[in-house]
Amino acid sequence: MVGAVVLDSAGELAGEGWHQQFGGPHAEVFALAAAGDRARGGTLIVTLEPCCHHGKTPPCTEAVLRAGIARVVVAMADPFPKVAGGGLAVLRAAGVEVHVGLCEAEAIALNAPYLKLLRTGRPWVHAKWAMTLDGKIATHTGESKWISGEESRRRVHELRGRVDAILVGAGTVRADDPLLTVRPPGARVPARVVVSTSGNLPEACQLRATARDVPVIVYTANPAALMGWAADGAEVVRAEGLDAILADLGARRFTNLLIEGGAGLLGAAFDASAIDEFHVFIAPKLVGGSGPSPVGGAGLSRMADSLALSRASFEPSGDDVYLHGFARK
Ligand SMILES: NC(=O)c1ccc[n+]([C@@H]2O[C@H](COP(=O)([O-])OP(=O)(O)OC[C@H]3O[C@@H](n4cnc5c(N)ncnc54)[C@H](OP(=O)(O)O)[C@@H]3O)[C@@H](O)[C@H]2O)c1
């Protein structure tokens, strides 16, 4: 997520731009185009170092120099290996005054998913669940529709439209038969991903029936059991263990992954400290009994070791409460 602003030589706002889609022109290009001749002798302020390589678009450094920009202020250098300070060096060598580090912490937070993918090869993991006031994600019979209200479900679809993939465990497919599409459509069409070690997935379900319309990836230790899914258009990948799955999703350049449950899969992700960001909808309802809680797995023994969220915020979401926060690492 990159934004850029051009100030003219008098310091007045002359143009703004942002990187609108992968493969499309970068933020600087939009801002310089908006500024036109007013960019000459002016200042470019941008959240990430301008690129200096031919990727899907020409180098931004060329556009900056062509526009006659005198000063460039960037929040942070770009760790992408083909840039990595090279853009700043090109600009300095051409006599442009370059400053780095304005609002750097904010820029790092803004681009945390991108930076994690570059650093670790794993996507940024969002965990989402809806639970009752007594901490259940389903009744004791496994029924979970619907815990949260309409406004919360609208927010979930908005969130889905911002991610590259949505991951659920096989238990959720067996219990809920989810479709996992974005309705109404968002900026992205996330791949729908299921993890089933056994390969025991339903013959007839919504994911399999729509696998040709929106991509479905199934990770399993038993691909032979899922030949029907492959024949219907799903991509069946042999992989065992959450980390191998995250590595494969990262290799596909998926930056943001949303885990939507259930308890088993979220528990495995929690035990592995794999969750980066939490989106929790708490409904003012109770169901009691032995229904599952959101995060299973082995869990922790000591309260002192509990994962405390940072930057946690709470807001009303219809009749529910939406809690958003980040894993403190
Ligand atoms: N309220 C909500 O937000 C929400 C959201 C989703 C689900 N749910 C509810 O949650 C329940 C399902 O949860 P669940 O815990 O039974 O199933 P789950 O977490 O959806 O799936 C567990 C299954 O995932 C597979 N798996 C592969 N690797 C795993 C790993 N490392 N750790 C754990 N599982 C792994 C296994 O499939 P195989 O057995 O095929 O090997 C395992 O049985 C349902 O009642 C559903 O309605 C509620």
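**Chat about the ligand shell and the sheet**

Me: Which residues are closest to the ligand, and how many surround it?
Reply: In this predicted model, 29 residues surround the ligand, and the closest are G169, G171, G261, G262 and G264.

Me: Which elements give two or more residues to that shell?
Reply: Those are strand 6 (124-132), strand 7 (165-169), helix 7 (170-176) and helix 11 (263-271). Helix 7 gives the most, with five residues.

Me: And how do the shell residues divide by type?
Reply: There are 14 nonpolar, 13 polar and two charged residues around the ligand.

Me: OK, on to the sheet. What's the strand order?
Reply: The order is 10-9-8-7-11-6-12-14-13, in an open sheet of nine strands with mixed pairing. Strand 10 (235-238) and strand 13 (309-317) are at the edges; each has a single partner strand, so one side of each has no neighbour in the sheet. On average, neighbouring strands are turned by 20° against each other, direction ignored.

Me: How many bridges join strand 6 to strand 11?
Reply: Four, and the two strands run parallel. One pair to look for is W124 with its bridge partner N256 in strand 11.

Me: Switching topic: what are the domains?
Reply: Domain 1 is 3-110 and domain 2 is 122-327. Their centres, taken over C-alpha atoms, are separated by 37 Å.

Me: Which residues of helix 3 are buried?
Reply: In helix 3 (residues 86-93), they are G86, G87, L88, V90 and L91. Their cover includes helix 2 (60-66), strand 4 (71-74) and strand 5 (97-100).

Me: What follows helix 3?
Reply: G95 does, with a positive phi near 90°.

Technical notes:
Residues are numbered from 1 along each chain as its sequence is written. This is a predicted model: local features need pLDDT of at least 70, side-chain atom pairs count only at pLDDT 80 or more; totals for chains, interfaces and linings use all residues. A residue is near a molecule or strand if its C-beta atom, placed from the backbone, lies within 6 Å of it. Ala, Val, Leu, Ile, Met, Phe, Trp, Tyr, Cys and Pro count as nonpolar, Asp, Glu, Lys and Arg as charged, and the others, Gly among them, as polar. Domain bounds come from an automatic or database domain assignment. A residue is buried if 20 or more other C-beta atoms lie within 10 Å of its own, exposed if 12 or fewer, and partly exposed in between; C-beta atoms are placed from the backbone. Two residues are in contact if their C-beta atoms, placed from the backbone, lie within 7 Å. Two strands pair if DSSP finds at least two bridges between them. Axes are lines fitted to C-alpha atoms, for helices over the stretch in contact, and angles run from 0 to 180 degrees between N-to-C directions.
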